[in-house]
Amino acid sequence: MRPLRYVALGDSLTEGVGDPVGNGWRGWAALLAGGLAEPSAEFTNLAVSGAQTRDVLETQLPAALELRPDVASVLVGVNDTLRSTFDIEKIAQRLDKVYESFTRQGTAVLTACLPDPGTMLGLPGVLGNPLARRQRAVNTVVHTLSERYGAVHLHAVDDPWIMDRAMWSSDRLHPGERGHRQIALRFHAMLRHRGIGTEVAPAAEPEFPPPTKSASLLWLATAGTAWVIRRCNDLLPQLVRLAAVEMRHRARGTSDRLDVRAALSVSRALAALSVQGPMGLAEQRLVTEPMGLPEQRSFPEPQPEPEAA
């Protein structure tokens, strides 16, 4: 009998950024792998820092399917929200193909709803709200598709530990060792409920002392600065435009139109997916509720905003 196989897909969160071990990263997925089987599970981490849903679908998924894993984690989408190419319909199509491919192969899929980067960075509302709106859209898609495919879904965005600064690394975007252990612990508990994994859960307490303040500052001044520059080259011009739209709506008292527009975009994205049969009532709720909109409320199609003079 072959050992249990676990393959992790995603971006820097799953790569392990924020949990340094030796000259590399460890992270929640590696911690979880240690509690999935005895003596050990076959663990392959395909996650790459900066990966978007396109990278997971086109590059990571084919490599993962060849391994025929028993468990596969797919945590991705935050980087999509940080790009000017953000398109919730394409994101939904890609994630649907990834989840469906694993489900057809008999693989247990792990997914998660994640906090938005604007909140974690403490951006002011006019800059943070557009990113938050995008992340809520991604989370709604992930939440809905997770239910559709019976994934092991962690709604991490609502976990109390998310807002605990001690759980995060110096860049405020990636968990520190404590935070990575919290993710591993929660996935382990849900997998145990499904009869997967050992009785020994990953330890909650860190194995290593947290980085010193000087080490954190050094990281931010080198790798952290490079990360910000790469993102700003792509996102900043569009984020400025989004902030301008946000301020116009605030001045007019019509900010709720932006939320309505985002919710309609998510609804269209999910409706465009080819699935057998109509969307169930549970899925209909998920399309509206995570976006902060009351169920069974109808909205007129929003008209395009006129260009500022």
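Two residues are said to be in contact when heavy atoms of the one lie within 4.5 Å of heavy atoms of the other. In the predicted model described here, arginine 134 touches, in this sense, Thr81, Arg83, Phe86, Leu235, Gln238 and Leu242, when residues up to four places away in sequence are not counted. Arginine 134 is part of helix H7, and its relative accessible area of 8% lies under the limit of 20%, so this arginine counts as buried.

A second residue, leucine 82, can be described alongside this arginine. Leucine 82 is placed in the loop between H4 and H5, and, with a relative accessibility of 7%, leucine 82 also counts as buried. Although leucine 82 and glutamine 238 are 156 residues apart along the chain, their C-alpha atoms are separated by 9.7 Å; glutamine 238 is also one of the residues that arginine 134 touches.

The protein as a whole may be considered next. The chain contains eleven helices and seven strands, and 47% of its 309 residues count as buried. Among the contacts in the protein with a separation of 6 or more, 78% are accounted for by residues that stand 24 or more positions apart. The accessible surface comes to about 15200 Å², and 56% of this surface belongs to carbon and sulfur atoms.

The interior was also searched for enclosed space. Across the whole structure, two cavities of 30 Å³ or more were found. The largest cavity has a volume of about 290 Å³, and its lining is made up of 22 residues, of which Leu13, Val78, Leu114, Leu173 and His174 lie nearest the centre of the cavity. At least two lining residues are supplied by each of four helices, namely helix H1 (12-15), helix H4 (78-81), helix H6 (117-121) and helix H9 (213-252). When the lining of the largest cavity is sorted by class, 15 residues are nonpolar, five are polar and two are charged.

The second largest cavity holds about 40 Å³ of space. The residues that line this cavity are Val76, Gly77, Val78, Ala112, Cys113, Leu114, Gln135, Val138, Asn139 and Val142. Helix H7, which spans residues 125-149, contributes the largest share of this lining, with four residues. By class, the lining of the second largest cavity has seven nonpolar and three polar residues, while no charged residue takes part. Val78 and Leu114 therefore appear in the linings of both cavities.

Aromatic side chains were then examined for pairing. A pair of aromatic rings is described by the distance of the centres and the angle of the planes. Within the limit of 6.5 Å between ring centres, the count comes to four aromatic pairs. In one of these, formed by tyrosine 99 and tyrosine 149, the ring centres are 6.5 Å apart and the planes meet at 75°, and because this angle is over 60 degrees the pair is classed as edge-to-face. Tyrosine 99 belongs to helix H5 (residues 88-104) whereas tyrosine 149 belongs to helix H7, so the pair ties together parts of the chain that are 50 residues apart in sequence. Tyrosine 99 itself has a relative accessibility of 2% and therefore counts as buried.

Another buried position is found in helix H8 (residues 177-193), in which alanine 184 lies. The relative accessible area of alanine 184 is 0%, so this residue is buried. Leaving aside residues up to four places away in sequence, alanine 184 touches Trp28, Leu31, Leu32 and Pro202. From alanine 184 to alanine 204 the distance is 8.9 Å, taken from C-alpha to C-alpha, and the two alanines are 20 residues apart in sequence.

Two features of the backbone complete the description. The peptide bond that leads from glutamate 38 to proline 39 is cis, with omega near 5°, and proline 39 is situated in the loop between helix H2 (28-33) and strand S4 (42-45). Arginine 68, although it is not a glycine, has a positive phi of about 45°. This arginine is placed in the loop between helix H3 (53-67) and strand S5 (71-75). Its relative accessibility of 47% falls between the limits of 20% and 50%, so arginine 68 counts as partly exposed, whereas arginine 134, at 8%, is buried.

How values were computed: Residues are numbered from 1 along each chain as its sequence is written. This is a predicted model: local features need pLDDT of at least 70, side-chain atom pairs count only at pLDDT 80 or more; totals for chains, interfaces and linings use all residues. Side-chain values use heavy atoms; hydrogens and water are left out. On a 1 Å grid over the protein atoms alone, a cavity is a set of points where a 1.4 Å probe fits but cannot get out, and a pocket is an open set with protein on both sides within 12 Å along at least five of seven lines; lining residues have an atom within 4 Å of a point. Grid points are joined across faces, edges and corners, and a volume is the space filled by probe spheres set on the points. Ala, Val, Leu, Ile, Met, Phe, Trp, Tyr, Cys and Pro count as nonpolar, Asp, Glu, Lys and Arg as charged, and the others, Gly among them, as polar. Buried means under 20% relative accessible area, exposed over 50%, partly exposed in between (1.4 Å probe, protein chains only). Accessible areas come from the Shrake-Rupley method with a 1.4 Å probe; for residues, only the protein chains shown count as cover. Rings of Phe, Tyr and Trp (its six-membered ring) pair if their centres lie within 6.5 Å; planes under 30 degrees apart count as stacked, over 60 as edge-to-face and the rest as tilted.
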